[in-house]
Amino acid sequence: MVLAAEGQLRLDANWVDYLIVALYFAFVIGIGVMAKRSVSTSIDFFLSGRSLPAWVTGLAFISANLGAVEIMGMSANGAQFGIPTVHYFWIGAVPAMLFLGVVMMPFYYGSKVRSVPEFMRRRFGTGAHLVNALSFAIAQLLIAGINLFLLAKIVNILLGWNLYISLVVAAIIVLSYITLGGLSAAIYNEVLQFFVIVAALLPLTLVGLHKVGGYGGLKDKITAAGNGPAQLSSWPGTNLTGIDSPVLSVIGLVFGLGFVLSFGYWTTNFVEVQRAMASSSISAAQRSPIIGAFPKMFVPFIVIFPGMIAAVVASEVASAKADGSKSFDYNNSLLYLIRDLLPNGMLGIAIAGLLASFMAGMAANISAFNTVFSYDLWQTYIVKERSDDYYLRVGRIATFAATVIAIGTALIARNYQNIMDYLQTLFGFFNAPLFATFILGMFWKRMTATAAWTGLVSGTLAAIAVGVLGTDVLGSLSTGVWSLSGQGASFTAAGAAFVVDILVSVAVTSVTQPRKESELRGLVYSLTPKADFHDENEGALAWYQTPNTLAGIGLVMVVILNIIFW
């Protein structure tokens, strides 16, 4: 099953595996070609004409996040840290997804904005809008590079191609269907990719558990390796945060990850919100993130557990764990497990699943970038009042340019031994201050436009300062003034960004003039009657289609999971 070539990990795929991968790519391109037929306006290209059912946008919502970072990054965390990694899902995702569906989606969808930055412009004007649009666009190019790098890495392993050639080939694959069919192509491919990913990772998990003697056997092997207490209990998660104090570690997880990073990402990140905005009604838009929350709860079992299994089964990972090596590339943990456990045929499905995850993540980044660039930057500040066809062409050109730039940002991602460290650092810089501004703006009518953009800038600078002063958080840019590294540093940076943004916004608001209340209807929670964003079909919905009921069920389930793995 293994070929060693110049010290690199190589999967011994045969013609069956190549055939499975080729069939998958044929479906991907075919979806793009079919989706192109429904693209006649910019709304069709960027928001799927706001016509898709909730189950489609719900699966796309979760699949867009089930990218390279989720698969490779979380399996790397599983191998390195164990069970505490579930916090990224049960604390750091599901509660915020439910909140988005119940509270915030009516504002996004009901206001008919085309993007999250556009909502910011309506609430605060051009200053905060420009800061938000620029920071979001930059973040998507950087995160797209992460997905592209790991996608190219799989092509490199499978075919033995040079990494740079793999980067270009992988980029062309994603570019082709996004340029053809826009968001519809991305969403329908994400639905396909969701099932392909599950079909790849579920058998891998089951085979791995069988090999180690079930979950009990896995716990025994981890305990025998001397890592039991830290890796088999989710709290206090000191090994994940890198914070020695159990109390401070819990605070970092709950406030830094569970509140600031989680709500900042899931409630304001247009990559995810864009999928819900493509829904056919307010109710469907609300249900999209809530529907996505249910599979999100169970993703740890097919992502984190394989990483934990790799840590005791794959010889390279196990030996690195035994000697405590900090230079080991845990991003490869899942690949080692696939290499050691799967026969040909199943290997092809696993490869297709990995490729699907990376393409889903990158396509989500690119489709969100081209919308914000075209509507929020180009149309708003550069070339105004042109025909709809013109902005449709701009969107396609932006898609091509973003893909080319992502090739460059992919080279940044390759410098990180655990890709989650890099990603959480980016989220701390871009999402945490944005969340603070959004929460204040949506629930505090007094907040002013000047406070919004100064708060955003100050919060971002605070996160960068924490990163620079920490140890190895930003690689060569870090100064090591204090001992702060890894994902605990990201939580701290996010917390600093949030607090500084809030303090600056409150201070600036106290000395600046707010807008008239009559101008804030539909933008501030207390000034917006429920009837404004009421779904006229709500009374005809079955109980399982009611957003609040679904969210309540989801909340109970995630609490139970947290208790079981306490």
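This passage describes the fold, helices, ring interactions and selected residues of a predicted protein model.

Residues are numbered from 1 along each chain as its sequence is written, and the side-chain values use heavy atoms, with hydrogens and water left out. Because the model is predicted, local features need pLDDT of at least 70 and side-chain atom pairs count only at pLDDT 80 or more, whereas totals for chains, interfaces and linings use all residues.

The protein contains 24 helices and zero strands; helices (H or I, at least four residues) and strands (E, at least two) are DSSP runs numbered from the N terminus. Of its 566 residues, 60% are buried, where buried denotes under 20% relative accessible area, exposed over 50%, and partly exposed the range in between (1.4 Å probe, protein chains only). The accessible surface amounts to about 20,500 Å², and carbon and sulfur atoms account for 66% of it. These areas come from the Shrake-Rupley method with a 1.4 Å probe, and for residues only the protein chains shown count as cover. Contacts, defined by heavy atoms within 4.5 Å, were also analysed by sequence separation: among those between residues at least 6 apart in sequence, 81% join residues at least 24 apart.

Helix H19 spans residues 346–382 and comprises 37 residues. The distance from its first C-alpha to its last is 50 Å, close to the 54 Å expected at 1.5 Å a residue; the expected span is 1.5 Å times one less than the number of residues. A kink of about 30° in H19 is centred on Phe 373, the bend at a residue being the angle between axes fitted to the seven residues ending there and the seven starting there. H19 is mostly covered, with 31 of its 37 residues buried. Helix H18 (residues 333–341) is largely enclosed by the rest of the structure, because eight of its nine residues are buried. The buried residues of H18 include Tyr 336 and Arg 339, along with Leu 334, Leu 335, Leu 337 and Leu 341.

The structure holds 30 aromatic pairs. Rings of Phe, Tyr and Trp (its six-membered ring) pair if their centres lie within 6.5 Å; planes under 30 degrees apart count as stacked, over 60 as edge-to-face and the rest as tilted. Tyr 265 and Trp 266 form an edge-to-face pair, with 4.9 Å between centres and 85° between the planes. Tyr 265 is buried at 9% relative accessibility, and Trp 266 is buried at 3%. Elsewhere, ring pairs link Trp 90, Tyr 215, Phe 298, Phe 301, Phe 305 and Phe 565 into a cluster.

Charged groups also sit over rings, a placement that requires NZ of Lys or CZ of Arg within 6 Å of the ring centre and within 35 degrees of the ring normal. The charged end of Arg 114 lies over the ring of Tyr 375, 3.8 Å from its centre. For Arg 386, the charged end is placed over the ring of Tyr 390, 4.2 Å from the centre.

Gln 193 belongs to helix H9 (residues 163–212) and is buried at 0% relative accessibility. Beyond its neighbours within four places in sequence, Gln 193 is in contact with Tyr 24, Ser 63, Tyr 177, Ala 356, Met 359 and Ala 360. Its C-alpha is 9.6 Å from that of Leu 59, although the two residues are 134 apart in sequence.

Val 39 occupies the loop between helix H1 (15–36) and helix H2 (42–47) and is buried, with a relative accessible area of 14%. Not counting residues up to four places away in sequence, Val 39 touches Asp 44, Phe 45, Gly 181, Leu 392 and Arg 396. Val 39 and Ala 185 are separated by 146 residues in sequence and by 9.9 Å between C-alpha atoms. In helix H20 (residues 388–413), Ala 401 is partly exposed at 33% relative accessibility. The C-alpha atoms of Ala 401 and Asn 370 are 9.3 Å apart, with their positions 31 residues apart along the chain counted as separation.

Backbone geometry draws attention to two loop residues. Most residues other than glycine have a negative phi. Lys 112, in the loop between helix H6 (94–110) and helix H7 (116–124), has a positive phi of about 65° and is partly exposed at 47% relative accessibility. Glu 385, in the loop between H19 and H20, has a positive phi near 55° and is exposed, with a relative accessible area of 78%.
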